[in-house]
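Visitor: Could you walk me through this structure and tell me how you know what you say about it?
Guide: Gladly; let us look together.

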2 protein chains.
Amino acid sequence: MQDHITIARGGSRPVAAGSSEYFTGAVTVEPLLAVVEPSRLAGARVSFAPGARTAWHTHPLGQTLIVTEGTGWVQQWGGPVEEFVEGDVVRIAPGVKHWHGATDSVRMTHVALQEQQDGKVVEWLEQVSDEQYGRG
Amino acid sequence: MQDHITIARGGSRPVAAGSSEYFTGAVTVEPLLAVVEPSRLAGARVSFAPGARTAWHTHPLGQTLIVTEGTGWVQQWGGPVEEFVEGDVVRIAPGVKHWHGATDSVRMTHVALQEQQDGKVVEWLEQVSDEQYGRG
């Protein structure tokens with residue numbers, strides 16, 4: 001049975017380096033919430049050193065980024081690089097191929113929220129090349 | 001059409017006092033994200049002065065609180081008051097009658113996340129009396 005109220009203590013969560021399969025540069029990922037049905041929400045706090053970014057990816061039901069530190073870049077495939085800062089909320093629509101990360105000079109941390117569909121919250125694609133990133 | 005990527009700037013969101021229908025004490029509510037289907041996620045940053053708390057309420061698909069400041073209390077109907085602190089993540093299961101707020105001596109801020117079902121993210125119930133709150 002699902003407990004009625006659960007408190008996951010801040011110190012109890014492993015903070016891991018982001019996999020080099022899905023990220024470029026120094027990234028840490030702190031899982032905040034896994035899917036507990038009937039909710040379909042999952043979330044993590046992700047911190048990017050300057051120059052670090054995700055690979056290109058899509059989310060079946062979209063993604064929301066609550067920016068808690070620094071300055072970052074986000075880009076959808078074929079679109080301009082857009083800058084965001086602490087306090088901003090970035091929303092990416094379902095199925096939109098995109099990446100996000102720090103700028104090349106300032107670190108960035110966000111809480112990333114995504115909803116599960118058919119057991120998946122993300123589809124990872126190719127890395128963001130230095131050339132693609134450098135256009136920011 | 002839904003924009004592919006939208007950035008809501010931090011300074012652009014109205015921060016309002018929490019309605020006295022749903023809260024006791026000094027509470028501010030900053031809406032962070034409204035439901036944009038097919039996502040069903042909504043969220044707000046809520047800040048409670050010492051002694052302030054929500055009314056009793058339920059969420060059809062549960063609620064997640066990402067605690068970003070201070071020390072708070074949460075209680076489900078008939079259960080003990082539980083304390084949480086900055087860095088903790090509190091999850092309340094669907095349909096569970098509960099309240100949350102600051103402790104009586106320290107303010108508390110959290111990001112509250114809930115998912116919509118049949119057009120609703122919350123059902124508000126009666127206020128938390130001083131006696132109920134004081135048992136914390």
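Visitor: What makes E10(A) and strand E1 of chain B a pair?
Guide: Strands, marked E, are DSSP runs of at least two residues, and helices, H or I, of at least four, numbered from the N terminus. Two strands pair if DSSP finds at least two bridges between them. E10(A) and strand E1 (residues 5–8) of chain B have four bridges and run in the antiparallel sense, so they meet that rule. Within E1(B), B:Ile7 is the bridge partner of A:Val90, and B:Ile5 is the bridge partner of A:Ile92.

A word on the source: this is a predicted model, in which local features need pLDDT of at least 70 and side-chain atom pairs count only at pLDDT 80 or more, while totals for chains, interfaces and linings use all residues. Residues are numbered from 1 along each chain as its sequence is written, and chains are lettered from A and ligands numbered from 1 in the order in which they are written.

Visitor: Which strand of chain A pairs with E10(A)?
Guide: E8(A) does, antiparallel, through four bridges. There A:Leu65 stands opposite A:Val90.

Visitor: Why are residues of E10(A) called buried?
Guide: A residue is buried if 20 or more other C-beta atoms, placed from the backbone, lie within 10 Å of its own (exposed means 12 or fewer, partly exposed in between). A:Val89 and A:Arg91 point one way, A:Val90 and A:Ile92 the other way, and all are buried.

Visitor: What makes E12(A) mostly covered?
Guide: Seven of its eight residues are buried. E12(A) pairs antiparallel with strand E5 (residues 41–48) of chain A over eight bridges, where A:Phe48 faces A:Met108. E12(A) also pairs antiparallel with E8(A) over seven bridges, and A:Val67 stands opposite A:His110.

Visitor: How many residues of each chain take part in the contact?
Guide: Chain A gives 36 residues and chain B gives 36 residues. Two residues count as in contact if their C-beta atoms, placed from the backbone, lie within 7 Å. Among the strands of chain A that each supply at least two residues are E1 (5–8), E10 (89–92) and E12 (108–115).

Visitor: Why is the relation between the chains called a two-fold axis?
Guide: The copies are superposed by least squares on C-alpha atoms of residues with pLDDT of at least 70 in both. A turn of 180° with a shift of 0.0 Å along the axis lays chain A on chain B with an RMSD of 0.0 Å, and therefore the relation is that of a two-fold axis. In chain A, the C-alpha nearest the axis belongs to A:Leu41, 4.0 Å from it.
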